[in-house]
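Reader: I have the sequence and the model open side by side, and I would like to go through the charged contacts and then the sheet. Could you take me through them?

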Amino acid sequence: MPLEETSLEALQSRLDDVESKAAAQRLMVAIAYKQGLSKAELTDWYGFPAPTVEEWFEEFESNSIDEIVDEIERFELPGRSVKPLVRQPNRSRLTYLNYEVIQDQGWDIDDDDLFEKASAAHLDSEDYGRIVVERGESILEAVERRGYNWPYACRGGACSNCAVYLKDGEIAMPGQQILPEDAIERGARLTCVGVPVTDHVGIIYNAKYIDFLDELRLPATRFSKSL
């Protein structure tokens with residue numbers, strides 16, 4: 001049930017059970033709101049950006065707290081089996097290209113024929129190729145299943161180390177906390193919480209060094225899971 005119909009006791013009980021930081025943050029905000037704090041006060045108290053708080057409350061209006069928390073924990077805690085909140089195709093075809101190759105070749109990230117150039121360049125399979133992302137797994141999980149070592153740090157949508165640039169299709173990011181709206185509009189997505197919602201997706205990975213993403217990058221040593 002939506003937040004307005006969820007009791008304070010139910011929220012506090014769920015907070016006792018969560019393991020992920022992102023899910024706990026959502027619940028703490030929901031509890032404080034139930035206790036009488038306004039959205040502006042929540043922003044001041046917890047230090048979350050106002051647009052982030054607004055986005056969370058939009059989630060609270062359209063989904064139950066349990067659905068939101070389960071979805072976050074599914075991507076932040078690999079191996080957790082919960083009902084997906086995002087509708088994914090059973091399988092999505094993912095075409096990928098390493099951003100470092102674009103720099104080395106002198107190509108432009110906005111070239112319409114970027115993947116065609118990559119295909120003709122006979123690149124290593126880790127730099128360019130196609131894989132299948134199964135329903136229920138993130139893009140990062142899919143590439144790791146293939147044995148590839150793509151960048152990441154937090155695995156919970158809290159930094160831009162795993163950022164990619166979206167060329168084709170669409171990717172949902174349940175639980176992402178770091179990308180500002182303008183970065184998303186410019187094509188930034190996160191693989192650690194990113195799931196394809198179209199049958200085909202084309203991305204440029206290793207995109208954390210693109211100018212509008214570089215300032216959001218965090219040292220991997222801040223996150224024990226990436227060591």
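**Salt bridges and the sheet**

Author: Let me begin with one pair in this predicted model: Arg155 and Glu144 form a salt bridge, and their closest N and O atoms are 2.9 Å apart. The pair links distant parts of the chain, since Glu144 sits in helix 8 (139–145) while Arg155 lies in the loop between helix 8 and strand 3 (163–168), 11 residues apart.

Reader: Okay, and is Arg155 buried or exposed?

Author: Arg155 is buried, because its relative accessible area is 12%, and the cut-off for buried is under 20%. Its partner Glu144 has 30% relative accessibility, so Glu144 counts as partly exposed.

Reader: How many salt bridges does the structure hold?

Author: The structure holds 10 salt bridges. Among them is the one between the side chains of Glu59 and Arg26, with an N to O distance of 3.4 Å.

Reader: Which parts does that pair of Glu59 and Arg26 tie together?

Author: Glu59 belongs to helix 4 (residues 50–62) and Arg26 to helix 2 (residues 21–34), so the salt bridge ties together parts that are 33 residues apart in sequence. Both Glu59 and Arg26 are buried.

Reader: And what about Asp113, which residue does it form a salt bridge with?

Author: Asp113 forms one with Lys117, where the closest N and O atoms are 3.8 Å apart. Asp113 counts as partly exposed, because its relative accessibility is 36%, and Lys117 is likewise partly exposed, with a relative accessible area of 26%.

Reader: Which residues are linked in a network of salt bridges?

Author: Arg14, Asp66 and Asp70 are linked in such a network.

Reader: Switching to the sheet now: in what order do the five strands come?

Author: The five strands form an open sheet in the order 2-1-7-3-5, and their pairing is mixed. At the edges are strand 2 (128–134) and strand 5 (188–190), each of which pairs on one side only. Neighbouring strands of this sheet are turned by 40° against each other on average, with direction ignored.

Reader: What holds paired strands of a sheet to one another?

Author: In general, the strands of a sheet pair through backbone hydrogen bonds, in either a parallel or an antiparallel way.

Reader: Then how do strand 1 and strand 7 run, and how many bridges join them?

Author: Strand 1 (residues 91–98) and strand 7 (residues 200–205) run parallel, and six bridges join them. If you want a place to look, Leu94 stands opposite Val201 in strand 7.

Conventions: Residues numbered from 1 in each chain as written. Predicted model: local features only at pLDDT ≥ 70, side-chain atom pairs only at ≥ 80, totals over all residues. Heavy atoms only, no water. Salt bridge = Lys/Arg side-chain N within 4 Å of Asp/Glu carboxyl O. Helix = DSSP H or I, 4+ residues; strand = E, 2+ residues; numbered from the N terminus. Buried < 20%, exposed > 50% of the residue type's maximum accessible area, 1.4 Å probe, protein only. Pairing = 2+ DSSP bridges. Axes fitted to C-alpha atoms, helices over the stretch in contact; angles between N-to-C directions.
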